[in-house]
Amino acid sequence: MIYTKTGDKGLTSLYTGERVDKNCLRVQTYGAIDEADSALGIARAFAEVESVREKILAAQKLLPRLMADFASLNREPLITFDDIKNLEAEMDSLENSLPPLREFIIPGNSKGGAFLDLARTITRRAERLACELSKAEQVHESDKIFLNRLSDYCFLLMRREDLNA
């Protein structure tokens, strides 16, 4: 069954089994990552550029590992510095293929681009929550850095998608 009734009193279980309040910063952080994943899914559904759709899907495939990191205590990170290096290499390649940025971008030139910008802002919120969480609890440095890069990646993907608009 989809319902377990174990959360009816405002508690949820982390991946590692600990029970925590549903509104604790850890749950809010991986909840925001889940929201970003949904926004990326919408962006992928509306993106018109095939390479953008492929890159979004590749990024989405990393997000369950990122959420598991935030839903776990006292475990080695599943998002590694190699994941960050790979994302940075993708970003460098993508940025080099784009025209120079000369002004602020107003989202909405394309549906896919608009949803990528939404994913960017949700990812930024997840990053802010992760930074706040790290003041009180252990947060893997790789996870914070990955969130920062992911939001920038969403911005670059939006720019690429909007070239067709």
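**Exercise 1. Find out which helices the buried residues of helix 2 pack against.**

*Solution.* The buried residues of helix 2 pack against helix 1 (25-46), helix 3 (63-70), helix 5 (111-134) and helix 6 (141-162). Keep in mind as you work that this is a predicted model.

Next, let's name the residues involved. Helix 2 spans residues 50-60, and its buried residues are V52, I56, A59 and Q60. They lie on the same side of helix 2, because they cover an arc of only 100° around the axis. The general rule behind this is friendly to remember: an α-helix has 3.6 residues a turn, so residues three or four places apart point the same way.

**Exercise 2. Follow L116 to its contacts, then place it in the largest nonpolar core.**

*Solution.* Start with the contacts, leaving aside neighbours within four places in sequence. L116 then touches L40, A43, V52, I56, C154, L157, M158 and E161. Two of these names, V52 and I56, should ring a bell: they are among the buried residues of helix 2.

Now step back to the core. The largest nonpolar core has 44 residues, and L116 is one of those that touch the most other members, together with I33, L63, L66, F70, F146 and Y153. Helix 1, helix 2, helix 3, helix 4 (81-96), helix 5 and helix 6 each supply at least two residues of this core. As a general background, nonpolar side chains tend to be buried together in soluble globular proteins.

**Exercise 3. Decide whether E127 is buried or exposed, and list its contacts.**

*Solution.* First, locate the residue: E127 sits in helix 5. Its relative accessibility is 14%, so E127 counts as buried, the cut-off being under 20%. Finally, with neighbours within four places in sequence left aside, E127 is in contact with K144, L147, N148 and S151.

**Exercise 4. Describe the largest cavity and the largest pocket by volume and lining.**

*Solution.* Take the cavity to begin with. Searching the whole structure gives one cavity of 30 Å³ or more. The largest cavity has a volume of about 40 Å³. Its lining consists of R26, D69, F70, S72, Q138, V139, H140 and D143. Sorted by class, that makes two nonpolar, three polar and three charged residues. Notice F70 here, which you also met in the largest nonpolar core.

Then turn to the pocket. The largest pocket holds about 250 Å³ of space. Its lining has 13 residues, and P100, L101, E103, I105 and R159 lie nearest its centre. By class, the lining of this pocket has eight nonpolar, one polar and four charged residues.

Notes: Residues numbered from 1 in each chain as written. Predicted model: local features only at pLDDT ≥ 70, side-chain atom pairs only at ≥ 80, totals over all residues. Heavy atoms only, no water. Buried < 20%, exposed > 50% of the residue type's maximum accessible area, 1.4 Å probe, protein only. Helix = DSSP H or I, 4+ residues; strand = E, 2+ residues; numbered from the N terminus. Arc of directions from axis to C-beta. Contact = heavy atoms within 4.5 Å. 1 Å grid on protein atoms, 1.4 Å probe; cavity = no way out; pocket = protein on both sides within 12 Å on 5 of 7 lines; lining within 4 Å. Points joined across faces, edges and corners; volume = space filled by probe spheres on them. Nonpolar A, V, L, I, M, F, W, Y, C, P; charged D, E, K, R; others polar. Core = buried A, V, L, I, M, F, W, Y, C linked by side-chain atoms within 4.5 Å.
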